[in-house]
Amino acid sequence: MSTPVPPRRSTELPRNVKVLSAVSFLQDAASDLVYPVLPLFITQTLGAPPSVLGLIEGVAEGTAAVGKAVSGRLADRFRRKPLIAIGYSISALGKPLIALAGPWGVVLVARFIDRVGKGLRTSPRDALIAADTPPEIRGRAFGFHRAADSAGAVFGPLLGLLLYELLSHRLRPLFLLAAIPALLSVACIWFVREHPPPEGPTPATARPFVPLRALPRGYWRVVGLLTLFALLNFSDALVLLRANELGLGFVGITLAYALYNLVQSGLSLPAGIVSDRRSRRTVFVAGLVPFAVAYVGLGLVTSSAWVWVLLPIYGAFAALTDGVARAWVADLLPSEALGTGIGLYQGLTGLGALLAGLWAGLSWGGDGRTPLIVSGVGALVVALALMADSRRR
């Protein structure tokens with residue numbers, strides 16, 4: 001008698017994963033159309049010091065962090081699609097404000113508005129992806145989403161570079177034009193199909209908030225270690241500032257940043273697939289190695305030629321950690337707490353990024369070598385801590 005063959009698990013990604021990936025592609029194209037020029041705009045056009053850049057990006061990340069924690073709680077109580085739509089809409093409205101900046105405080109306000117939108121949308125979006133995806137392909141889903149997001153971050157800078165040349169090297173109009181793909185991303189959210197439970201939720205029948213004590217102990221242990229790493233992972237704006245200090249101008253920085261995102265886009269889906277078949281912890285730890293190499297390398301080198309080597313390595317770090325970490329955290333949570341747990345994780349790591357931006361900006365000095373080297377070495381310490389925690393378990 002033959003043994004029944006178990007049904008083959010489908011690797012087809014759900015509709016919402018594909019739609020939200022398209023949304024992220026357009027939104028990231030809008031953001032990264034101008035992101036590579038933001039450090040130059042702040043430090044050269046507006047004449048602010050690097051510490052101000054660190055402050056602006058730190059406040060931006062801190063704002064997003066708080067928003068993610070709050071929206072994650074709301075995502076477990078109400079429908080997620082409206083939160084996602086409102087968040088993307090706010091971000092789309094915040095981008096053109098930078099074009100009006102005279103003092104750097106206007107940029108701070110604009111980045112604050114943009115990150116309010118990011119904070120409101122990110123946790124509900126990731127919770128929707130996790131809820132719609134079986135655990136056995138969750139890494140693939142988040143990897144696919146991250147690949148689309150990073151592809152937008154390749155298209156955006158290249159489009160920005162083209163527009164920069166067509167606009168006679170004027171920076172301010174770029175921030176106005178960035179609103180176009182951002183608004184298109186909002187329109188795409190109409191195609192998201194959310195499936196709330198039969199009882200709602202509506203404001204009158206909303207589910208109660210998930211108590212934090214309901215989150216598993218293993219979740220807290222992993223999130224604690226990921227937050228520790230976030231204290232070392234400061235804003236990419238400072239990394240691009242270092243590239244400028246090494247001698248790259250606007251065109252060079254834009255192309256190098258596009259190359260970084262190209263590597264990230266190309267490796268994110270394979271990294272997610274490997275994390276489905278192996279250990280997400282192992283893939284994440286492996287990703288900390290290129291982070292350390294890139295940061296320490298950028299801190300030690302003295303030639304701009306090295307940027308073309310180290311930024312792609314840095315892209316490998318992002319591919320191996322970003323989507324994998326989200327899938328890892330989602331795996332540790334019960335279904336009714338996906339929004340709360342993901343939001344809290346993103347909130348804590350975002351606050352870590354806020355502190356990282358502040359201490360890195362204040363210690364930047366004339367060339368940024370010290371914070372880059374400290375963060376690179378610290379990442380290896382976190383990698384060892386994650387490995388030790390795995391052995392204890």
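Reader: In which helix does Thr340 lie?

Author: Thr340 lies in helix 14, which covers residues 338-362, and as we go on please keep in mind that the model we are reading is a predicted one.

Reader: Is Thr340 buried or exposed?

Author: A residue is called buried when its relative accessible area is under 20%, and Thr340, with a relative accessible area of 2%, is therefore buried. It is also useful to compare distance along the chain with distance in space: Thr340 and Val222 are 118 residues apart in sequence, and their C-alpha atoms are 15 Å apart.

Reader: Where is Thr254 placed, and which residues is Thr254 in contact with, leaving aside its neighbours within four places in sequence?

Author: Thr254 belongs to helix 11, residues 250-277, and its relative accessibility of 2% means that Thr254 counts as buried. Once the neighbours within four places in sequence are left aside, Thr254 is in contact with Pro36, Pro157 and Leu161.

Reader: How should I read helix 12, and what span should its 21 residues have?

Author: One can work out an expected span and set it beside the model: at 1.5 Å a residue, the 21 residues of helix 12 should span 30 Å, and because the end C-alpha atoms are 31 Å apart, the two values agree. Burial can be read for a whole helix as well, and since 15 of the 21 residues of helix 12 are buried, this helix is largely enclosed by the rest of the structure.

Reader: Which residue caps the N-terminal end of helix 12?

Author: The cap is Ser279, whose side chain has an oxygen lying 3.2 Å from the backbone nitrogen of Arg281.

Reader: What does the side chain of Arg280 reach?

Author: Arg280 is in helix 12, residues 280-300, and with 8% relative accessibility Arg280 counts as buried. The side chain of Arg280 reaches the backbone oxygen of Pro135 at 3.3 Å. Not counting residues up to four places away in sequence, Arg280 touches several others, among them Arg138, Gly272, Trp328 and Asp331.

Reader: At what angle do helix 3 and helix 5 pack?

Author: Helix 3 (residues 50-75) and helix 5 (residues 104-132) pack at about 25°, and their axes are 7 Å apart. Because angles under 35 degrees count as roughly parallel, helix 3 is roughly parallel to helix 5. The crossing in which helix 3 passes helix 5 is right-handed.

Reader: Why do residues three or four places apart in an α-helix point the same way?

Author: An α-helix has 3.6 residues a turn, so residues with that spacing point the same way.

Terms used. Residues are numbered from 1 along each chain as its sequence is written. This is a predicted model: local features need pLDDT of at least 70, side-chain atom pairs count only at pLDDT 80 or more; totals for chains, interfaces and linings use all residues. Side-chain values use heavy atoms; hydrogens and water are left out. Helices (H or I, at least four residues) and strands (E, at least two) are DSSP runs, numbered from the N terminus. Buried means under 20% relative accessible area, exposed over 50%, partly exposed in between (1.4 Å probe, protein chains only). Contact means heavy atoms within 4.5 Å. A polar contact is a pair of N or O atoms within 3.5 Å; within protein, one must be able to donate a hydrogen and the other to accept it, and residues adjacent in sequence count only if both atoms are side-chain atoms. The expected span of a helix is 1.5 Å times one less than its number of residues. Axes are lines fitted to C-alpha atoms, for helices over the stretch in contact, and angles run from 0 to 180 degrees between N-to-C directions. Angles under 35 degrees count as roughly parallel, over 145 as roughly antiparallel, 65 to 115 as roughly perpendicular and the rest as oblique. A crossing is left-handed if the near helix is turned anticlockwise from the far one by less than a right angle, and right-handed if clockwise.
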